[in-house]
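Trainee: Let's go through this one together, please. I'd like to start with the rings and then move on to charges and strands.

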Amino acid sequence: RVVELVDPVRSMARHPLFQVALTFQNTPKVELDLDGGLSIDLEPLETNVARFDLLISLSETDDGLTGVLEYAADLFDRSTAEDIAARFVRLLRAAVSAPDVPISRLEILDPAERSTILGDWAGTGVSSGSLTPITSLTTITEEFAGWVAASPGAVAVVCGDVALTYAE
């Protein structure tokens, strides 16, 4: 019904409403008493086909949580999927170790990833080994507002012959 109401552009290549899902299975295992000495064992259904671009499925066990990351192999290679899973585990561990910290402030990158992103990939010309630690975290919106306030007349965006200033 939701798909009918939203009426998204349809493609057989993806789910019509979302491409990423997180499930949490915490219902207790059901045991059936059957007549005649019959017993039933639950077996996992392995389709070897990703239903979404990414699906993280968590299950509660007596020992804690177990999880599976299902991914579309035509979009992600195994090492990328493993990196996503490692970051998710890092986020969960950070949330458990600091439950009062807002999720937006929890760290999902390891130090090497952070150094690569802020140094090598930032286009700043700063080598990743000489980065100064961030002491104040801001959002991209806050950063942009800072540039608008500091340099409203500076060119912010250029497309062909059109240039817009930060104030614009």
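Mentor: First, the ring rule: rings of Phe, Tyr and Trp (its six-membered ring) pair if their centres lie within 6.5 Å, with planes under 30 degrees apart called stacked, over 60 edge-to-face, and the rest tilted. Mind that this is a predicted model, where local features need pLDDT of at least 70 and side-chain atom pairs count only at pLDDT 80 or more, while totals for chains, interfaces and linings use all residues. Residues are numbered from 1 along each chain as its sequence is written, and side-chain values use heavy atoms, with hydrogens and water left out.

Trainee: How many aromatic pairs does the structure hold, and is the pair of Phe144 and Tyr166 stacked or tilted?

Mentor: The count of aromatic pairs is 3. For Phe144 and Tyr166, the ring centres are 5.6 Å apart and the planes sit at 55°, so this pair is tilted.

Trainee: Which parts of the chain does that pair tie together?

Mentor: Helices (H or I, at least four residues) and strands (E, at least two) are DSSP runs, numbered from the N terminus. Phe144 lies in helix α4 (residues 140-150), so its pairing with Tyr166 bridges 22 residues of sequence, from α4 to the segment after β5.

Trainee: Is Tyr166 buried or exposed?

Mentor: Buried means under 20% relative accessible area, exposed over 50%, and partly exposed in between (1.4 Å probe, protein chains only). Phe144, at 44%, is partly exposed. Tyr166 comes in at 18%, so Tyr166 is buried.

Trainee: Which residues do ring pairs link into a cluster?

Mentor: The tilted pair of Phe144 and Tyr166 is where to start. Add a Trp, and the cluster reads Phe144, Trp147 and Tyr166.

Trainee: On to charges. How many salt bridges does a search of the whole structure find?

Mentor: Side chains of opposite charge can pair when their charged atoms come close. The cut-off here is a side-chain nitrogen of Lys or Arg within 4 Å of a carboxyl oxygen of Asp or Glu. By that rule, the number of salt bridges is 6.

Trainee: What is the N to O distance between Arg78 and Glu82?

Mentor: Both sit in helix α2 (residues 78-97), 4 residues apart, about one turn. Arg78 is exposed at 59%, while Glu82 is partly exposed at 44%. Their salt bridge spans 3.0 Å.

Trainee: Which residues are linked in a network of salt bridges?

Mentor: Asp110 bridges to Arg90 at 4.0 Å; Asp110 is in the loop between α2 and α3 (111-120) and Arg90 in α2, so parts 20 residues apart get tied together. Arg90 also bridges to Glu113 at 3.4 Å, a link from α2 to α3 across 23 residues. Glu113 is buried at 16%, whereas Arg90 is partly exposed at 25%. The full network is Arg87, Arg90, Asp110 and Glu113.

Trainee: Last bit: in the hairpin of β4 and β5, which residue takes a positive phi?

Mentor: Two strands pair if DSSP finds at least two bridges between them, and β4 and β5 (residues 162-165) run antiparallel over 4 bridges. Strand β4 (residues 155-159) is hardly covered, with 0 buried among its 5 residues. Cys159 stands opposite Val162 in β5. With 2 residues between the strands, the one with phi near 65° is Gly160.
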